[in-house]
Amino acid sequence: MVRTSLRLRYLVVVLASLMMFFGVVQVRDMPVDVFPEFAPPRVEVQTLCTGLSAADVESLVTIPIEQALNGVEGLDVMRSRSVSQLSQVVMIFKPGTDLMRARLLVQERITAVTPALPRWANSPFMIQPLSSTSRVMKIGMSTPDTSTQSLIEMSLAAYWTVRPRLMRVPGVANVAIWGDRWSVLQVQTDPRKLQEQDVSLLQTMEAASDALDVGMLKHSSGHEIGTGGFVDTPSQRLTVRHLMPVLTPENLAQMPVDIKEDGRVVTLGNVANIVRDRQPLMNGDAVIDDDLGLMLVVEKLPWGNTLEVTRGVEEALKAMEPGLQGFKVDTELFRPATFVQTSIHNLTRAMIIGFVLVALILLFFLFEWRVALISIITIPLSLVAAGLVLDATGATVNTMILAGLVIALGVLVDDAIIDIENIVRRIRQHRREGSDRSTAAIILDASLEVRGPIIHATLIILVSIIPIFLLGGLTGAFFGPLAFSYGLAILASMLIALTVTPALALILLARTPIERHDSPVVRWLQRGYRAALARIIPRPVAAYATVLVVMATGTVVLPFLGQSLFPAFQERDFLMHWVARPGTSQQEMIRITKEVSRELRAIPGVRNFGAHIGQGTLADEPVGMNFAENWVSIDPSVDYNKTVAAIQQVVDRYPGLQTDVQTYLKERTKEVLTGTSEAVVVRIYGDDFRVLREKAAAVKQIVAGIEGVVDEKVELQVDIPQLEVEVDLAVASRYGIKPGDVRRAAATFVASEEAGDVWRDGKNYEVHVWSTPETRNSIPSIQDLLLDAPDGRRVRLGDLATVRITPTPNVVVRENSSRRIDVGANVHGRDLGSVAREVQQKLAQVSFPLGYHAEVLGEYKERQSAQRQLMIFAVVAVTGILLILQAAFGSMRLALLVLLTLPVALVGGILAATVTGGILSLGSLVGFFTVLGIAARNGILMINHFQHLERAEERPSDRPWSCVVPRNGWRRSS
């Protein structure tokens with residue numbers, strides 16, 4: 001390879017130049033994201049179940065779907081959540097499973113189970129595939145006028161104009177809307193007026209349905225559309241179109257309901273108030289900067305690019321700006337692209353600064369601009385070559401890939417110096433000796449001299465990162481790209497050192513008088529190093545003692561270091577879970593959210609506030625109205641730690657809520673690991689609600705007493721009040737009224753019933769039959785509701801059924817076909833690992849009945865699993881390094897010598913972790929493996945050089961330090 005490169009040196013340089021040019025162009029166009037795709041393949045199935053409680057949703061919908069989906073190929077974990085009117089089943093597949101094939105298999109099972117579900121449950125549907133960090137932007141829409149009609153107009157613009165345009169942006173998977181208010185014509189029936197007019201609720205519903213284009217009530221005549229038909233004339237055919245009148249509240253109020261015997265017409269306006277308002281069942285809302293508004297959450301596909309999607313969304317909003325006059329659109333509530341750009345900018349700046357420093361050091365040490373130029377050229381060449389391979393494999397540039405390239409920079413510098421330094425040394429030596437050998441022959445010999453050590457050293461580094469490649473789970477997905485980019489850069493550097501470096505050396509140094517230049521810095525270091533070695537080598541006890549002290553220090557400090565899964569990233573977008581007692585009303589959630597919005601926005605540096613409450617339109621949050629997420633963004637110019645502390649102080653002033661403050665990445669990693677957002681989770685499995693709650697309370701009490709535990713809480717699986725209507729079959733039978741008639745009437749009165757739709761200009765407006773606000777929240781009003789008997793009589797609902805308030809679960813959570821409840825906690829002031837170990841120890845104090853058990857989950861479990869894998873794979877890696885060392889030296893004694901000195905290289909990292917907070921993250925362990933490879937590489941290069949000097953140059957063995965620093969030139973000793 002070296003001989004060919006020298007013979008075709010100009011071609012090699014031209015090809016390298018072309019690779020550099022096209023590589024820079026290609027790498028600039030690579031997709032960019034914040035982090036690698038770290039979540040396993042995931043498929044989510046939702047089913048809308050109007051009118052069902054959480055317990056009914058579980059038994060009638062969730063469990064049948066779970067049973068149908070069990071056994072799908074590749075399925076790892078199945079989780080489900082049943083809340084009022086909604087079932088969610090989440091399937092997490094094993095890493096490596098093809099997502100689209102998994103979705104196809106799930107769809108087949110769903111199609112098979114759908115006919116077995118209750119008819120009034122909507123068909124199950126799959127949520128679109130989403131990336132690990134799916135939320136690519138949160139958009140706040142607000143208006144100065146927060147009246148219902150103004151919010152409805154803004155909602156119509158958001159749903160019919162903004163959302164369809166954003167869905168066309170490449171990479172966008174979904175745009176969910178919180179606070180969406182639909183335009184609805186409400187027929188608000190009054191029980192007192194119904195009694196006065198002797199009209200039933202069913203008659204009112206039929207009249208409203210028959211007045212529309214298409215009614216929703218299948219038993220009414222309005223459900224039949226009717227065809228327009230056509231008229232044939234002698235010369236042409238004319239189609240017939242029936243135009244319905246534009247229904248206003250006033251027009252709808254004139255629709256007849258009944259005609260009495262005296263000829264009097266009873267209209268809808270006689271028994272109901274007809275108003276234009278929002279949809280009756282609003283399961284979510286949004287607060288934007290202290291008042292009601294809309295929050296649009298843009299989610300991206302797994303293969304979507306954060307920067308490109310963000311750019312596309314912002315361009316689309318800019319184009320729509322003229323049509324959104326009167327509405328304020330804020331795209332800075334949550335914008336991960338800002339973090340991506342900042343991270344890439346910082347890493348790029350660090351790489352440039354490092355490159356400049358390397359260039360200056362090379363100039364000072366090599367003291368020859370041509371030699372330094374060769375080394376400087378090869379460094380970016382190696383990085384670009386690695387980038388081209390990454391691009392060819394379809395990789396996305398993210399912070400982990402960039403971090404791998406930054407870490408590799410040190411090895412690239414090493415490779416850039418090794419070959420050229422040896423070439424320069426040999427050229428100088430031959431020219432001083434008056435040799436008549438050609439420069440090409442000298443360069444060939446010098447390159448071949450270090451080729452073996454370079455290859456062996458590179459193999460050692462690649463073997464040292466094998467444990468990172470073999471990691472599974474979230475950790476492997478997160479750190480794998482780092483190891484991949486690092487390894488690619490090292491391989492590219494080795495190839496450049498063996499091809500481009502000799503070619504450039506022959507072109508630039510063939511006729512250059514480099515023997516006249518000698519670095520004064522090198523001479524000064526050489527004198528000091530020779531003096532030190534002259535004292536140490538004859539009396540090595542002091543050196544051995546120093547090494548042992550350093551190793552002992554690291555060994556003593558290591559057990560006291562804390563443990564964490566990932567290092568903390570300084571994201572400037574924060575979310576706060578804002579969870580009230582289940583059953584909390586919409587009005588109360590809005591009140592406390594507005595209040596915290598005002599307090600947070602008063603903090604210097606907090607730029608904006610947005611919150612979404614409950615469920616959104618087309619969203620994937622199966623939560624109740626008591627659940628909210630508050631989002632704030634802080635200015636880059638303010639002090640990060642002080643601002644975060646101020647935010648935490650505000651949040652802590654709301655003791656009646658379950659709250660936390662965290663970044664989106666932290667929340668997502670916890671969600672991927674456990675399905676919750678706490679750092680430590682004790683998950684208790686069983687079937688009986690009462691037993692689960694009792695054991696959860698006992699576990700919480702134990703966890704609360706552990707030092708460092710904060711925000712300990714039991715998952716809010718509690719009973720909430722429910723209005724229950726139980727029909728007396730005997731009484732109902734005497735009137736000929738069926739239980740279903742009672743259910744439908746009560747449901748319409750309390751929750752409303754959609755009578756039909758009105759379509760105008762491509763938009764639909766719903767018409768609902770409901771009740772007046774002052775009567776729908778009254779139990780006596782429900783009891784006074786009139787029902788139609790087959791013989792024409794009107795019967796009070798209270799005479800047929802008992803209306804009472806009873807408890808019911810607010811949510812039912814299951815995992816792998818078993819109910820479960822979580823006790824979660826976060827950690828502050830102490831490392832995660834020690835807290836989790838103490839939780840495990842104290843959990844043994846809790847006894848569980850037969851069929852119940854508990855597990856400790858969360859970041860700690862993932863870290864322990866990854867650490868065990870690393871230790872197992874490390875044994876394999878160390879064995880591989882030992883074999884490479886033995887092959888390089890031809891001596892097991894020398895191989896063991898180098899291997900035993902490797903731990904000393906890690907002590908610096910351990911001490912650095914101690915000084916900078918005392919936490920050893922999994923990222924630190926990954927870094928240790930790379931340091932281990934570099935240390936082994938330096939050892940192999942040094943000893944190989946010693947062996948070469950003894951064999952080829954016959955250096956005296958009684959003065960061994962002369963093998964390290966020869967008198968006639970400088971040789972790098974490490």
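The exercises below concern strand E14 and its setting in a predicted model.

**Exercise 1.** Determine whether strand E14 (residues 284-288) is enclosed or open, and which residues lie on each of its faces.

*Solution.* Begin with the criterion, by which a residue counts as buried when its relative accessible area is under 20%. Next, apply the criterion to the strand: 5 of the 5 residues of E14 are buried, so the strand is largely enclosed by the rest of the structure. Finally, separate the two faces, where Gly-284, Ala-286 and Ile-288 are buried on one side and Asp-285 and Val-287 are buried on the other, so that both faces are covered.

**Exercise 2.** Identify the strands with which E14 pairs, and give a bridge partner in each.

*Solution.* Take strand E20 (residues 606-614) to start with: E14 pairs with E20 in the antiparallel sense over 5 bridges, and within E20 the bridge partner of Ala-286 is His-612. Then turn to strand E15 (residues 291-292), which is joined to E14 by 2 bridges and also runs antiparallel to E14; here Val-287 has Leu-292 as its bridge partner. The last step is the hairpin of E14 and E15, which has 2 residues between the strands and in which Asp-289 takes a positive phi near 50°.

**Exercise 3.** Place the strand in the context of the protein by describing its secondary structure, burial and contacts.

*Solution.* The protein contains 31 helices and 35 strands, and 54% of its 974 residues count as buried. Among contacts with a separation of 6 or more, 80% are made by residues 24 or more positions apart. As for dimensions, the C-alpha trace spans about 130 × 85 × 55 Å along its principal axes.

How values were computed:
Residues numbered from 1 in each chain as written. Predicted model: local features only at pLDDT ≥ 70, side-chain atom pairs only at ≥ 80, totals over all residues. Heavy atoms only, no water. Buried < 20%, exposed > 50% of the residue type's maximum accessible area, 1.4 Å probe, protein only. Helix = DSSP H or I, 4+ residues; strand = E, 2+ residues; numbered from the N terminus. Pairing = 2+ DSSP bridges. Contact = heavy atoms within 4.5 Å.
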